[in-house]
Amino acid sequence: MTCAYFPNKKKKTQTNATQLWITRVNNASREHEVSYSRFMQALAEQDIALNRKVLSELAMHEPQSFKALVNLAKKHHAESQKGLKLLL
């Protein structure tokens with residue numbers, strides 16, 4: 001019976017950690033006036049492959065580096081919006 005319990009506990013612990021990382025990244029990105037989804041989308045579109053754990057650590061321990069990533073996301077979003085306006 002204990003063997004059946006431990007995998008569930010590990011999965012729940014990992015889920016809690018992932019939720020914590022997402023919350024940290026969300027709060028840090030909103031401090032710079034960018035939503036989490038827009039921030040993550042911009043990173044993905046620019047082929048910046050940083051996972052949520054790394055982004056969370058950057059937000060906490062390297063706020064200037066995180067701010068640089070947010071600025072890249074803002075710039076990318078502004079450029080993509082400009083491109084959409086030209087198409088219309």
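Q: Which residues are exposed on the other side of α2?
A: On that side of α2, S37 and A44 are exposed. Exposed means over 50% relative accessible area, buried under 20%, and partly exposed in between, with a 1.4 Å probe and protein chains only.

Q: What kind of model is this, and how are residues numbered?
A: This is a predicted model, in which local features need pLDDT of at least 70 and side-chain atom pairs count only at pLDDT 80 or more, whereas totals for chains, interfaces and linings use all residues. Residues are numbered from 1 along each chain as its sequence is written, and side-chain values use heavy atoms, with hydrogens and water left out.

Q: Back to α2, then: which of its residues are buried?
A: Y36, F39, M40, A42 and L43 are the buried residues there. They lie on the same side of α2, because they cover an arc of only 160° around the axis. The arc is taken over the directions from the helix axis to the C-beta atoms.

Q: How many helices and strands does the chain have?
A: The protein chain has four helices and zero strands, and along the sequence the pattern reads α-α-α-α. Helices (H or I, at least four residues) and strands (E, at least two) are DSSP runs, numbered from the N terminus.

Q: What is the average pLDDT of the chain?
A: The average is 86, and 83% of the residues score at least 70. pLDDT is the predictor's confidence in each residue, on a scale from 0 to 100.

Q: Which elements have the lowest and the highest mean pLDDT?
A: The lowest mean among the elements is that of α1, at 82, and the highest is that of α3, at 96.

Q: Moving to the core: how many residues does the largest nonpolar core have?
A: It has 15 residues, and V25, F39, L55, F66 and L69 have the most contacts inside it. Such a core is a set of buried Ala, Val, Leu, Ile, Met, Phe, Trp, Tyr and Cys residues joined through side-chain atoms within 4.5 Å.

Q: Which helices supply at least two residues of it each?
A: α1 (2–31), α2 (36–45), α3 (52–61) and α4 (63–87) each do so. The helix that gives the most is α2, with five residues.

Q: And L55, what is it in contact with?
A: Apart from its neighbours within four places in sequence, L55 is in contact with V25, F39, M40, L43, L50, F66 and L69. Contact means heavy atoms within 4.5 Å.

Q: What else is buried in α3?
A: The buried residues of α3 are L55, S56, L58 and A59. These residues lie on the same side of α3, because their arc around the axis is only 160°.

Q: S56 has my attention now. Buried or exposed, and by what relative accessible area?
A: S56 is buried, with a relative accessible area of 0%. Not counting neighbours within four places in sequence, S56 is in contact with W21, R24 and V25.

Q: And M60, how does it sit in α3?
A: M60 is found in helix α3 and is partly exposed, with a relative accessible area of 44%. Its C-alpha atom is 8.3 Å from that of A28, although the two residues are 32 residues apart along the chain.

Q: How much of the contact set joins residues 24 or more positions apart?
A: Such pairs account for 61% of the contacts in the protein chain with a separation of 6 or more.

Q: What share of the chain is buried?
A: Buried residues make up 22% of the 88 residues. H76, in helix α4, counts as buried at 16% relative accessibility. Leaving out residues up to four places away in sequence, H76 touches A42, E45 and Q46.

Q: A different topic: what is the phi of E33?
A: The phi of E33 is positive, about 65°, although E33 is not a glycine. Most residues other than glycine have a negative phi.

Q: Where is E33 found?
A: E33 is in the loop between α1 and α2, and E33 is exposed, with a relative accessible area of 72%.

Q: What about the phi of D47?
A: D47, a residue other than glycine, has a positive phi near 60°. D47 comes just after α2, in the loop between α2 and α3, and counts as exposed at 70% relative accessibility.
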